[in-house]
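Open the model in your viewer and keep the sequence panel in sight. Each stop below names a selection and then says what is there.

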Amino acid sequence: TFNIINFSDSATKLAEKPLANTRENRSKALNYISQLDADGGTELMNGVNTVLDFPKAADGRLRSIVLLSDGLIGDDEAIVGRIRDQLQPGNRLYSFGVGASTNRFLLNRLAELGRGTVTILPPDEDAVDVAEKFFSEINNPVVTNIEVDWVGEGEAPEIYPQRLPDLFASQPLVLYGRKQDGSSGQLHITGTVAGGQSYEKVLDVDFQQVRGNGAIAQLWGRSRIKDLMNQMYIRETPEIIQAVTETALGYRLLSKYTSFVAVTDEVRVDPGDAQLSEEVPAETPEGMVPYFGPSRSIPEPSGLVGNLIAGLLMVIYFTRKRWYSFARAMLKKIS
């Protein structure tokens with residue numbers, strides 16, 4: 001089953017509930033997409049609330065949510081907090097950003113919390129090629145519902161991310177762990193493979209191999225800070241602020257509460273000289289469209305979103321992949 005939700009200043013949808021994957025409903029979806037017009041503001045919370053208010057997916061079904069936008073979405077913390085607290089366990093969220101003006105921080109963080117992946121379409125790359133690759137990746141999860149347990153002596157290692165994503169074909173699943181006593185052991189990995197069958201594997205872990213490797217230690221520190229910050233969206237707490245600060249200082253990392261300070265004894269300015277004033281431009285990343293309006297809602301920079309959605313569907317239409325895969329992966333909301 002599938003559905004489509006388009007959002008701007010408000011959110012509308014193809015149907016009130018997910019539609020069965022029939023020829024008639026597929027035709028209805030393509031007609032709906034052909035009439036979309038990318039205007040208004042990129043108020044993602046409208047779309048998020050509509051998605052989260054949908055009835056829970058039936059048991060045994062995986063609901064995939066594909067977010068597509070070319071807008072510089074704001075209100076990051078509220079949106080991330082909503083997904084963190086309200087996205088149901090049986091859902092997956094995939095982010096697809098178009099162009100240089102997308103909020104990459106937000107798209108990445110939503111995909112991480114949604115146990116999915118993120119793809120960015122640069123202005124100079126072919127949309128069809130990128131869409132085909134994106135579809136191929138999210139349509140081929142190798143293992144889902146992955147859980148990792150420690151088997152061995154001592155306390156279990158502290159592993160991040162705590163919400164493990166699915167394992168996809170041709171992509172690694174990277175976890176970062178720290179074990180205070182350094183004793184080796186095994187990781188017991190369980191999950192679900194295609195057809196609903198159980199997956200189980202035991203991996204030997206030798207912490208002595210990476211002892212003293214500062215670069216790997218910093219990767220763990222970054223992952224821990226990211227997890228802690230995810231807990232504080234919407235409301236900060238003194239305990240987590242302290243944990244973030246201590247982790248950043250301990251691993252020499254930048255964070256919201258720490259920074260690097262450069263100190264020099266060299267005199268570069270003569271306080272007796274005349275003062276000069278000069279306007280300094282506010283630089284933006286290459287290709288990004290700056291916006292300085294009063295609202296937190298950022299207008300869509302172009303009509304790419306509607307065209308991209310239609311392009312994604314046409315990619316599937318002209319391949320020999322089965323239609324149920326099209327319904328599962330390429331529409332905005334899938335049960």
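**Confidence first.** Colour the chain by pLDDT, the predictor's confidence in each residue, from 0 to 100. The mean over the chain is 79, and 82% of the residues reach at least 70. This is a predicted model, in which local features need pLDDT of at least 70 and side-chain atom pairs count only at pLDDT 80 or more, while totals for chains, interfaces and linings use all residues. Residues are numbered from 1 along each chain as its sequence is written, and side-chain values use heavy atoms, with hydrogens and water left out.

Select α7 (residues 238-250), then α9 (residues 323-329). Among the elements of the chain, helix α7 has the highest mean pLDDT, 94, and helix α9 the lowest, 37. Now select 292-335. The pLDDT is below 50 over this stretch, which has 118 contacts in the model beyond near neighbours in sequence. A contact means heavy atoms within 4.5 Å. Where pLDDT is low, the predicted coordinates should not be read in detail.

**The whole chain.** Switch to cartoon. The chain holds 9 helices and 13 strands. Both are DSSP runs numbered from the N terminus: helices are H or I with at least four residues, strands E with at least two. Of the 335 residues, 41% are buried. Buried means under 20% relative accessible area, exposed over 50%, and partly exposed in between (1.4 Å probe, protein chains only). Among contacts between residues at least 6 apart in sequence, 68% join residues at least 24 apart.

**Helix α4.** Select 104-113. Which residues of α4 are buried? They are L106, L107, R109, L110, A111 and L113. An α-helix has 3.6 residues a turn, so residues three or four places apart point the same way. Show the surroundings next. The cover over the buried residues of α4 includes α2 (44-52), β4 (63-69), α3 (76-86), β5 (91-98), β6 (118-121) and α6 (214-232). Step just past the helix to R115, where phi is positive, at about 55°.

**N91.** Stay with β5 and pick N91, which belongs to this strand. Is N91 buried or exposed? Its relative accessible area is 8%, so N91 counts as buried. Leaving aside neighbours within four places in sequence, the contacts of N91 are R63, I65 and G114.

**The largest cavity.** Turn on a cavity display. On a 1 Å grid over the protein atoms alone, a cavity is a set of points where a 1.4 Å probe fits but cannot get out; a pocket is an open set with protein on both sides within 12 Å along at least five of seven lines; lining residues have an atom within 4 Å of a point. Grid points are joined across faces, edges and corners, and a volume is the space filled by probe spheres set on the points.

By this rule there are 3 cavities of 30 Å³ or more. The largest encloses about 150 Å³. It is lined by 14 residues, and G47, V48, V51, I65 and L67 are the closest to its centre. Two or more lining residues come from each of β2 (5-7), α2 and β4. α2 gives the most, 5 residues. By class, the lining of this cavity has 12 nonpolar, 1 polar and 1 charged residues. Ala, Val, Leu, Ile, Met, Phe, Trp, Tyr, Cys and Pro count as nonpolar; Asp, Glu, Lys and Arg as charged; the others, Gly among them, as polar.

**P55.** Follow α2 into the loop that leads to β4 and pick P55. At 52% relative accessibility, P55 counts as exposed. Draw a C-alpha distance to P18: the two are 9.3 Å apart in space and 37 residues apart in sequence.

**The second largest pocket.** Its volume is about 760 Å³. Select E112, P161, P165, V174 and K226, which lie nearest the centre among 27 lining residues. α4, β9 (167-168) and α6 each give two or more residues to this lining. The largest share, 7 residues, is from α6. By class, the pocket lining has 12 nonpolar, 8 polar and 7 charged residues.

**The four-stranded sheet.** Keep β9 selected and add β7, β11 and β12. These 4 strands form an open sheet in the order β9-β7-β11-β12, with antiparallel pairing. Two strands pair if DSSP finds at least two bridges between them. β9 and β12 stand at the edges with a single partner strand each, so one side of each has no neighbour in the sheet.

Zoom in on β11 (185-192) and β12 (198-205), antiparallel strands joined by 8 bridges. G185 has V205 as its bridge partner in β12, and T190 has E200. Finish in the hairpin: 5 residues lie between the strands, and G195 takes a positive phi near 90°.
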